[in-house]
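Subject: Structure handover

Hi,

Here is the structure I promised you. Please open it next to this email, and then read my notes below.

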Amino acid sequence: MSDTRTIAAQRLGHLLSDRDWMLACAESCTGGLFSAAVTDVAGSSQWFERGFVTYSNTAKMEQLRVGADTLERFGAVSEETAMEMAGGALEASHADFAVATTGIAGPGGAVPGKPVGMVCFGFAQRSGQGITTRAMTRVFEGDRAQVRAAAVEFALNTAIELIEPE
């Protein structure tokens, strides 16, 4: 794992531990790489609750309760799906914060408006008012491995940014 990814995973772990929060993730295009990055950190069992790898639409619907209508209207690679994945990961776990990734890592799979390298991220947080979700999309350059690695690093750093201000 790259040094910057290791540092980000450690920082995320410290932030979660400081708040006594647990983390869950829902991965599609990263296929478990986000989970691997956080569990490479010693002591991550204190703050990482579980991860879901939901590559197929059926898995997204069954495990994370992503709506069939969402998948039909927006597609698996969309901010709408990413938010539902993150929210579903919270609902299916005891976590306080969740990260989701869904995208086109390549080399094929691009469709009009959704190029290779496009990854949609969902972030969800549990609070007294329920679950708050947000999403963002980035397009990464490189081959399949580079896109997936960049997506994991972006997800880690964005989770830190979203948690840190509190």
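I begin with a loop residue. R65 is exposed, with 62% relative accessible area. It sits in the loop between α3 and α4. R65 is not a glycine, yet its phi is positive, about 60°. Please keep in mind throughout that this is a predicted model.

**Other backbone points**

D20 shows a positive phi too, about 60°, and is not a glycine either. Look for D20 in the loop between α1 and β1. Its relative accessibility is 67%, so D20 counts as exposed.

There is also a cis peptide bond. It runs from G106 to P107, with omega near 5°. P107 belongs to the loop between β3 and β4.

**The sheet**

Five strands make an open sheet. Their order is β2-β1-β3-β4-β5, and the pairing is mixed. β2 (48-53) and β5 (130-139) are the edge strands, and each pairs on one side only. On average, neighbouring strands are turned by 15° against each other, direction ignored.

Two pairings show the mix. β1 and β2 run parallel, joined by 5 bridges. In that pair, E27 has V53 of β2 as its bridge partner. β3 (residues 97-103) and β4 (residues 118-127) pair in the antiparallel sense, over 7 bridges. Here G103 is matched with V119 in β4.

How many residues of β1 are buried? The count is 5 of its 5. Both faces of β1 are covered. L23, C25 and E27 are buried on one side, and A24 and A26 on the other.

**Helices against the sheet**

Helix α5 (residues 79-91) packs on the sheet. It touches β1 (23-27), β2, β3, β4 and β5. The direction of α5 makes about 35° with that of β4. Helix α6 (residues 144-163) lies across β3, β4 and β5. α6 runs at about 30° to β4.

A98 is a good place to see this packing. It is in strand β3. At 0% relative accessibility, A98 counts as buried. Outside its neighbours within four places in sequence, A98 contacts L23, A24, A86, A89, L90, G122, F123 and A124. If you want a distance to check, try A98 and A68. They are 30 residues apart along the chain, and their C-alpha atoms are separated by 21 Å.

**Helix α3**

Which residues of α3 (residues 57-64) are buried? They are A59, K60 and L64. These residues cover an arc of only 100° around the axis, so they lie on the same side of α3. The buried residues of α3 pack against β1, β2, α4 (68-74), α5 and β3. R65, with its positive phi, follows α3.

**Charged side chains**

The model has 2 salt bridges. One joins R11 and E164, with the closest N and O atoms 2.3 Å apart. R11 lies in helix α1 and E164 in the segment after α6, so this pair ties together parts that are 153 residues apart in sequence. R11 is partly exposed, at 34% relative accessibility. E164 is partly exposed as well, at 38%.

The other salt bridge is between the side chains of E49 and R50, at 2.7 Å, N to O. E49 counts as partly exposed, at 23% relative accessibility. R50 is partly exposed too, with a relative accessible area of 29%.

Now turn to R5, in helix α1 (residues 3-19). R5 is buried yet has no salt bridge. Why does E153 not count as a salt-bridge partner for R5? E153 is the nearest side chain of opposite charge, but it is 4.7 Å away. A salt bridge needs the nitrogen and the carboxyl oxygen within 4 Å, so this pair does not qualify. R5 does touch E153, along with A37, A149, V152 and L156, not counting residues up to four places away in sequence.

Best wishes

Notes. Residues are numbered from 1 along each chain as its sequence is written. This is a predicted model: local features need pLDDT of at least 70, side-chain atom pairs count only at pLDDT 80 or more; totals for chains, interfaces and linings use all residues. Side-chain values use heavy atoms; hydrogens and water are left out. Helices (H or I, at least four residues) and strands (E, at least two) are DSSP runs, numbered from the N terminus. Buried means under 20% relative accessible area, exposed over 50%, partly exposed in between (1.4 Å probe, protein chains only). Lys and Arg count as positive and Asp and Glu as negative; His and the chain ends are not counted. Contact means heavy atoms within 4.5 Å. Two strands pair if DSSP finds at least two bridges between them. Axes are lines fitted to C-alpha atoms, for helices over the stretch in contact, and angles run from 0 to 180 degrees between N-to-C directions. The arc is that of the directions from the helix axis to the C-beta atoms.
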